[in-house]
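Thank you all for coming; I would like to walk through one protein with you this morning, going slowly enough that everyone can follow along. Please have a look at the display before I begin.

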Amino acid sequence: MPLSEMIPPIGTDDFLRESGWAGAQVTPLAGDASFRRYFRVACGDKHAVLMDAPPPHEDPRPFILMAEYLTRIGLSAPRIIHRDLDAGLLLIEDLGDDRMREAVDADIARESAIYSGVVDVLIELHRHAPPTGLRPHDMANWRDELDLFIDWYGPTVGLSLDRASFHGAWGAVLSPIMEDSQPWVTELRDFHAENVMLIAGAAGVQHFGLLDFQDARIGHPAYDLVSMLEDARRDVTPVIEKAMLAHYMAATDRDSGFEDAYWTLGAQRNTRILGVFCRLWRRDGKAHYTSFQARMWGLLERNLEQPGLAPVRAWFDTNVPQDKRAPYWIDLVI
């Protein structure tokens, strides 16, 4: 962890004193792909997490909105203990160290039950009307996100990619999703195994503590499901993916159009992430994200096998040679 991420933000001591945590010990936790940083705070037998969301780069209010909403509808999210919005500081409940990613990897026999549980979280979330104030995750946003592949992935691997034909191919497969009858829901947008904590003593959907939901939107119900089952950081077996997709569809009475949207939004998301991870490396100096790129290509190639994605598959076959896909990242030396 870089030294800059280990030093608590200016004003931490005053903030903790105001919140009743004077003299607490502050130690760094892992950061993420944004400007946010996290620290564990210990004061006697009390524990909490300090979120540093420095303005103007970050705004903690969307996190607060979503944390309070998720708690209100019966899901588990960190309670807000104290806040200083001007400084971008939040003291939030510590959901512990039992993270879904490590729990499943340590005991693969638990994989099906744990994934079934987090799918139940989505089923419950999608039963409730989204909170007021969320922006839509719609065609305009999908296209802007896809442009990250043109703007960052292409130059990184030495390709000059045609934006107009790219937009045309994606428009052909995404337009039917905008026109389908699936009710749109709260979309957490970064829903994966490293953003879910397993809470001891809690049962049902409350066993799964949710993190990193400040970018929530109103969107298609397939998006968070494919985010969890086509994880950028962890291999989910096709058997588990198929079973969990069937579980969600049966519980919510979705038809085959939902599955079509699942594969298409998976392809959109995976293409976006290929661009995002290039940007995190080339612009932000976070080279470790390159280690995920081969997995992202594996997921995208599988998405593109779906008949409904033929226009996008044809674009990739024409514009992105095989040696600029997964092999490029497997052979990359940084």
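How many cavities of 30 Å³ or more does a search of the whole structure find? Keeping in mind that what we are looking at is a predicted model, the search finds 1 such cavity. The largest cavity has a volume of about 30 Å³, and among the residues that line this cavity are L188, D190, F191 and N195, together with L210 and F213. If we sort the lining of the largest cavity by class, we get 6 nonpolar residues, 1 polar residue and 2 charged ones.

Let me step back to the whole protein. Its secondary structure comes to 13 helices and 9 strands. The radius of gyration is 20 Å, close to the 20 Å that the globule rule gives for 334 residues, so the protein is as compact as a globular protein of that length. If you prefer to think in terms of a box, the C-alpha atoms fill one of roughly 60 × 45 × 40 Å, taken along the principal axes.

Now to the sheet. As a reminder, strands of a sheet pair through backbone hydrogen bonds, and they do this either parallel or antiparallel. Here we have an open sheet of 5 strands with antiparallel pairing, and the order across it is β1-β2-β3-β5-β4. At the edges sit β1, residues 25-28, and β4, residues 80-84, each of which pairs on one side only. Averaged over this sheet, and with direction ignored, neighbouring strands are turned by 25° against each other. Within the sheet, strand β2, residues 37-43, runs antiparallel to strand β3, residues 46-52, and the two are joined by 7 bridges; Y38 stands opposite M51 in β3.

Which strands does helix α3 touch as it packs on the sheet? Helix α3, residues 61-72, touches β3, β4 and β5, and its direction makes about 160° with that of β4.

Finally, I would like to turn to a pocket. The second largest pocket has a volume of about 180 Å³, and 13 residues line it, with V173, D260, A261, T264 and G308 lying nearest its centre. Two helices, α7 (163-179) and α10 (256-282), each supply at least two residues of this lining, and α10 gives the most, with 5 residues. By class, the lining of the second largest pocket divides into 7 nonpolar, 4 polar and 2 charged residues.

Conventions: Residues numbered from 1 in each chain as written. Predicted model: local features only at pLDDT ≥ 70, side-chain atom pairs only at ≥ 80, totals over all residues. Heavy atoms only, no water. Pairing = 2+ DSSP bridges. Helix = DSSP H or I, 4+ residues; strand = E, 2+ residues; numbered from the N terminus. Axes fitted to C-alpha atoms, helices over the stretch in contact; angles between N-to-C directions. Contact = heavy atoms within 4.5 Å. 1 Å grid on protein atoms, 1.4 Å probe; cavity = no way out; pocket = protein on both sides within 12 Å on 5 of 7 lines; lining within 4 Å. Points joined across faces, edges and corners; volume = space filled by probe spheres on them. Nonpolar A, V, L, I, M, F, W, Y, C, P; charged D, E, K, R; others polar. Rg over C-alpha atoms; globule rule 2.2 N^0.38 Å.
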